[in-house]
Amino acid sequence: MTATVSFTIDSPLGPRTATAAYERKGAGEPLLLLHGIGHHLQAWHPVTDILAAEHDVIAVDLPGFGVSQPLPHGLPYGLGTVAPALGALCAALGVERPHVAGNSLGGLLALEMGRSNLVRSVTALSPAGFWTEGERRYAFTALRAMRAGSRALPRPALERLSRSAAGRVVLTGTIYARPGRRSAEAVVAETLALRDATGFEETLAAGGSVRFTDDVPGLPVTIAWGVRDRLLLPRQGLRAKHVIPGARLVRLPGCGHVPMNDDPALVSRVILDTIRRGNPAGAAAL
């Protein structure tokens with residue numbers, strides 16, 4: 001069940017109050033789950049039950065996405081604002097230094113939280129920020145096209161498309177390697193989440209100059225990449241390993257940019273192994 005939490009963001013404008021939506025399940029050491037741009041916390045549903053068997057799992061809608069409110073007026077959507085805000089969100093939930101797993105934008109935020117010593121371990125699935133300028137432009141063009149398509153498609157047409165495997169390929173083939181596995185209801189919901197995301201444009205604008213160039217020392221870090229990722233190409237994982245030499249770099253066979261739905265068991269195993277040892281098993285090194 002989705003709940004909301006209010007938390008305080010310290011900013012140059014003074015303390016500002018923000019509100020975010022989250023789902024919480026399970027017991028054990030806390031594990032924070034962060035989705036990608038234009039998505040929502042339901043992206044993690046294929047793996048939540050597996051992870052919640054061992055952990056207190058908290059999946060959040062990032063500010064300006066899903067049903068979370070946008071950031072307070074005047075606050076930028078860059079790493080320097082959003083990562084500390086997530087730390088404040090955790091504190092408001094009574095959680096100190098959780099483990100974190102993030103996908104795409106969420107992976108970049110997870111790494112920034114690790115660099116800032118806000119978490120205990122980091123699993124980053126196809127994280128943003130390790131692109132060349134050409135790769136960034138390509139990804140942003142694809143994301144803008146997906147956003148435009150979500151806004152142009154009337155809901156009845158969206159629902160009709162989602163009911164067929166071919167239609168789900170059209171709607172979500174950019175981010176899933178196996179879009180036919182996604183339910184029609186989930187495809188409709190995530191397309192509407194992309195359409196209605198109030199933070200999309202500002203987050204994309206903030207990402208135009210982002211390059212993750214700092215190490216994340218002293219923490220177990222896994223960077224995992226779907227070998228069929230069509231949005232952020234798998235070779236970017238090699239750059240991530242160069243930047244974070246202590247990280248374990250793994251490949252996710254048969255997975256696309258959002259791998260949780262393509263292979264829930266493998267993704268769950270990578271996350272859990274990162275938490276336990278920082279040396280994931282069950283996935284081959286890139």
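Which helix gives the most to the lining of the largest cavity? Helix H8 does, with 4 residues. The legends below take a new reader through this predicted model one close-up at a time.

**Figure 1. The largest cavity and the helices around it.** Welcome to the inside of the model: a search of the whole structure finds 2 cavities of 30 Å³ or more, and the largest has a volume of about 230 Å³. Its lining counts 22 residues, and those closest to the centre are Leu105, Ala128, Trp131, Thr203 and Gly207. Four helices each supply at least two residues of this lining: H2, H3, H4 and H8, the last of which spans 200-207. H8 gives the most. Sorted by class, the lining divides into 17 nonpolar and 5 polar residues, with no charged ones.

**Figure 2. The second largest cavity.** About 60 Å³ of space lies here. To find the cavity, look for the residues that line it: Leu62, Pro63, Phe65, Tyr77, Val82, Leu105, Leu109 and Thr203. The lining has 7 nonpolar residues, 1 polar residue and no charged residues. Two of these names may already be familiar, since Leu105 and Thr203 are also among the residues closest to the centre of the largest cavity.

**Figure 3. The largest pocket.** This view turns to a pocket that holds about 390 Å³ of space. Of the 26 residues that line the pocket, Met146, Leu171, Thr172, Ile175 and Leu194 lie nearest its centre. Helices H4 (133-152), H6 (165-172) and H7 (184-196) each supply at least two residues of the lining. Which of the helices gives the most to the lining of this pocket? H4 does, with 6 residues. The classes are mixed here: 14 residues of the lining are nonpolar, 11 are polar and 1 is charged.

**Figure 4. Helix H2 packed on helix H3.** Follow H2 along residues 79-92 and H3 along residues 105-115; the two pack with their axes 9 Å apart, at an angle of about 75°. H2 and H3 are therefore roughly perpendicular to each other. On the H2 side, the contact is made by Leu79, Val82, Ala83, Leu86 and Gly87, and H3 answers with Leu108, Leu109, Glu112 and Met113. By class, this contact has 7 nonpolar residues, 1 polar residue and 1 charged residue. Val82 and Leu109 also appear in Figure 2, where they are among the residues that line the second largest cavity.

**Figure 5. Two serines with positive phi.** Ser104 is not a glycine, yet its phi is positive, at about 60°. You can find Ser104 in the loop between strand S5 (99-103) and H3. Ser104 counts as buried because its relative accessibility is 8%, and the cut-off for buried is under 20%. Now move along to Ser126, in the loop between strand S6 (122-125) and H4. Phi of Ser126 is near 45°, again a positive value in a residue other than glycine. Is Ser126 buried or exposed? With a relative accessible area of 1%, Ser126 is buried.

**Figure 6. Gln236 and its contacts.** Gln236 has its place in helix H9, which covers residues 236-243. Gln236 counts as buried, at 1% relative accessibility. Setting aside the neighbours within four places in sequence, which residues is Gln236 in contact with? They are Phe130, Trp131, Glu135 and Trp225. Trp131 is a returning name, as one of the residues closest to the centre of the largest cavity.

**Figure 7. Ser268 in helix H11.** Look along H11, residues 264-276, to find Ser268. Ser268 is buried, with a relative accessible area of 1%. Leaving out residues up to four places away in sequence, Ser268 touches Val47, Ile50 and Leu51.

**Figure 8. Ala165 and Arg136.** Our last stop is Ala165, whose place is in helix H6. How far apart are Ala165 and Arg136 in sequence and in space? They are 29 residues apart in sequence and 29 Å apart in space, C-alpha to C-alpha. At 44% relative accessibility, Ala165 counts as partly exposed. H6 itself was met in Figure 3, as one of the helices that supply at least two residues of the lining of the largest pocket.

Notes: Residues are numbered from 1 along each chain as its sequence is written. This is a predicted model: local features need pLDDT of at least 70, side-chain atom pairs count only at pLDDT 80 or more; totals for chains, interfaces and linings use all residues. Side-chain values use heavy atoms; hydrogens and water are left out. On a 1 Å grid over the protein atoms alone, a cavity is a set of points where a 1.4 Å probe fits but cannot get out, and a pocket is an open set with protein on both sides within 12 Å along at least five of seven lines; lining residues have an atom within 4 Å of a point. Grid points are joined across faces, edges and corners, and a volume is the space filled by probe spheres set on the points. Ala, Val, Leu, Ile, Met, Phe, Trp, Tyr, Cys and Pro count as nonpolar, Asp, Glu, Lys and Arg as charged, and the others, Gly among them, as polar. Axes are lines fitted to C-alpha atoms, for helices over the stretch in contact, and angles run from 0 to 180 degrees between N-to-C directions. Angles under 35 degrees count as roughly parallel, over 145 as roughly antiparallel, 65 to 115 as roughly perpendicular and the rest as oblique. Contact means heavy atoms within 4.5 Å. Buried means under 20% relative accessible area, exposed over 50%, partly exposed in between (1.4 Å probe, protein chains only).
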